Amino acid sequence: MRYLLGLALLAMAACSSPSVGFMGVEPETVVVEGWTIDVYALDGRAEAIRMTKDWDQSTALMKERGLIAVEQVTGWTVDRRTISGDGSIVRMRAAAKKLPG
């Protein structure tokens, strides 16, 4: 039984699971400076989840790469004051959506 629990936890650790506010939203995957990042975006809010295993899991690096990923995927300008998170996941809000054309 412990073996199955350990296996289940290991499988979940490799998944991209958004927070409750993004349930049902399909992620868009991008590569930023060698990191694979899943981006979830909805109603001016975004969440970036690092999928790449990396020993350098600094919060500052994830905020920087998460910002790049979100702006690439959504076309938004992110309000940098709203960026929060840790070395694996960051959340942010759009300052303004880029107009088409």
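I started at Val 70 and, setting aside neighbours within four places in sequence, found it in contact (heavy atoms within 4.5 Å) with Val 39, Ala 46, Ala 48, Gly 75, Trp 76, Val 78 and Met 92. A note to self: this is a predicted model, where local features need pLDDT of at least 70, side-chain atom pairs count only at pLDDT 80 or more, and totals for chains, interfaces and linings use all residues. Numbering runs from 1 along each chain as its sequence is written, and side-chain values use heavy atoms, with hydrogens and water left out.

Next I looked up confidence. The protein chain averages a pLDDT (the predictor's confidence in each residue, from 0 to 100) of 86, and 79% of the residues score at least 70. Among the chain's elements (DSSP runs numbered from the N terminus: helices are H or I of at least four residues, strands E of at least two), β1 has the highest mean, 97, and helix α1 (residues 2–13) the lowest, 53.

Then I turned to Thr 29, which sits in strand β1 (residues 28–32). Beyond neighbours within four places in sequence, Thr 29 is in contact with Thr 36, Ile 37 and Asp 38. The side chains of Thr 29 and Asp 38 share a polar contact of 2.6 Å; the term covers a pair of N or O atoms within 3.5 Å, where within protein one must be able to donate a hydrogen and the other to accept it, and residues adjacent in sequence count only if both atoms are side-chain atoms. I also checked Ile 49, 20 residues from Thr 29 along the chain: their C-alpha atoms are separated by 9.5 Å.
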